[in-house]
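This report walks through a strand sheet and a set of packed helices. Keep the structure open while reading.

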Amino acid sequence: MSPANTEVLKEPRGFIKFLEIVIAICAFATTTSHHSYSQFTADCEKGEKEYVNLTFGYAYRLEETTFKTPICESTKRYTNDSGVVSLYGNYSSAAEFFVFVGVMAFLYALAATVVYVIWDENYQQHDRLPIVDFIVTIVFAGLWLIASSAWADALTKVKHYTDPNDYITDQSIVALKECHGHSYNVTCEVTQLGNFASLNVSIIFGFLNLIIWSGNLWFLYKETKWFKPATLPSPDTPQKN
């Protein structure tokens with residue numbers, strides 16, 4: 001085995017692979033570590049106040065978050081109706097696909113970096129390895145585009161359907177009718193919205209990955225046999241003394 005060549009990390013293809021490792025970790029870590037909640041209160045009769053927390057987190061199966069109605073004990077004097085209200089939507093497919101792409105990109109970039117450092121001589125001598133590296137990088141650039149776009153769209157919907165206003169003002173949700181008017185002497189008010197800072201950052205990292213993986217294609221292309229023959233001097237080219 002040839003000695004490790006750490007100098008390759010100073011070359012564009014090695015340095016960019018290191019960036020891909022770091023930013024891929026940031027992309028999926030900011031997604032999977034997120035947990036938050038939104039809250040609304042119900043001001044009931046006789047100064048009674050009830051708090052309803054709507055908790056959510058990765059993988060954003062919002063339909064699993066529920067709360068019971070009626071919210072106020074005083075409302076039970078006016079109606080025998082009871083029920084369970086759940087948040088709307090299941091956005092786990094977009095979130096999990098984004099994380100999957102991030103994890104796989106991290107593993108591939110790590111493996112490629114190991115090859116560069118330990119087996120760089122073999123990488124340079126075998127035509128197929130640079131070509132495989134180039135093609136796989138194209139695939140990951142495409143996956144980052146798809147995953148980031150899908151996750152950005154899903155996040156917009158997560159923000160919307162975790163806003164309590166979407167439920168306490170929706171007249172079609174019969175189970176929450178105590179919040180829809182003054183018939184039950186109940187006033188519902190939003191007191192807390194979810195914190196989406198880390199998820200906004202995850203979207204930024206997703207598209208940053210797209211830019212970096214796409215930008216790396218030029219440097220990887222230069223390592224393939226498709227580029228190198230064009231750069232070699234012709235035998236008929238006169239040599240300068």
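Which residue in β2 is the bridge partner of Q39? The partner is N53. The model is predicted, and what follows describes that prediction.

**The sheet**

Q39 belongs to the pairing of β1 with β2. Strand β1 covers residues 35-43 and strand β2 covers residues 49-57. The two run antiparallel, and nine bridges join them. Together β1 and β2 form a hairpin, with five residues between the strands. One residue in that turn, K46, has a positive phi of about 60 degrees.

Strand β1 also pairs with β5, which spans residues 187-192. Here five bridges join the strands, again in an antiparallel arrangement. Two bridge partners can be picked out by name. T41 is partnered by E189 in β5. A42 has C188 as its bridge partner in β5.

Put the pairings together and an open sheet of three strands appears, in the order β2-β1-β5, with antiparallel pairing. β2 and β5 are the edge strands, since each pairs on one side only. From one strand to the next, the twist averages 25 degrees.

**The helices**

Now to the helix packing. Two packed helices are described by the angle between their axes and the distance between the axes. Three helices are treated here. Helix α1 is residues 12-32. Helix α2 is residues 92-118, and helix α6 is residues 197-221.

| Helix pair | Axis distance | Angle between axes |
|---|---|---|
| α1 and α2 | within 8 Å | roughly 155 degrees |
| α1 and α6 | 9 Å | about 160 degrees |
| α2 and α6 | within 12 Å | roughly 35 degrees |

Start with α1 and α2. Their axes cross at roughly 155 degrees. That makes α1 roughly antiparallel to α2, because an angle over 145 degrees counts as such. α1 passes α2 in a left-handed crossing. On the α1 side, the contact includes R13, K17, E20, I21, I25 and F28. On the α2 side, it includes F98, V99, V103, F106, L110 and Y116. By type, the residues of this contact divide into 15 nonpolar, five polar and three charged.

Next, α1 and α6. Their axes lie 9 Å apart, at an angle of about 160 degrees. The two helices are therefore roughly antiparallel to each other. α1 passes α6 in a left-handed crossing. The contact residues comprise 14 nonpolar, seven polar and three charged.

Last, α2 and α6. Their axes come within 12 Å and cross at roughly 35 degrees. This crossing is left-handed. F98, A105, Y108, A109 and Y116 of α2 meet S202, G206, W213 and L220 of α6. Seven of these residues are nonpolar and two are polar, with no charged residue in the contact.

**An aromatic link**

Aromatic rings deserve a look too. Rings pair if their centres lie within 6.5 Å. By this rule, the count comes to 13 aromatic pairs. One of them joins F28 and F106. How are these two rings arranged? Their centres are 6.4 Å apart and their planes stand at 65 degrees, so the pair is edge-to-face. F28 lies in helix α1 and F106 in helix α2, so this pair ties together parts that are 78 residues apart in sequence.

Notes:
Residues numbered from 1 in each chain as written. Predicted model: local features only at pLDDT ≥ 70, side-chain atom pairs only at ≥ 80, totals over all residues. Heavy atoms only, no water. Pairing = 2+ DSSP bridges. Helix = DSSP H or I, 4+ residues; strand = E, 2+ residues; numbered from the N terminus. Axes fitted to C-alpha atoms, helices over the stretch in contact; angles between N-to-C directions. Left-handed = near helix turned anticlockwise from the far one by under 90°. Contact = heavy atoms within 4.5 Å. Nonpolar A, V, L, I, M, F, W, Y, C, P; charged D, E, K, R; others polar. Parallel < 35°, antiparallel > 145°, perpendicular 65-115°, else oblique. Phe/Tyr/Trp six-rings, centres within 6.5 Å; stacked < 30°, edge-to-face > 60°.
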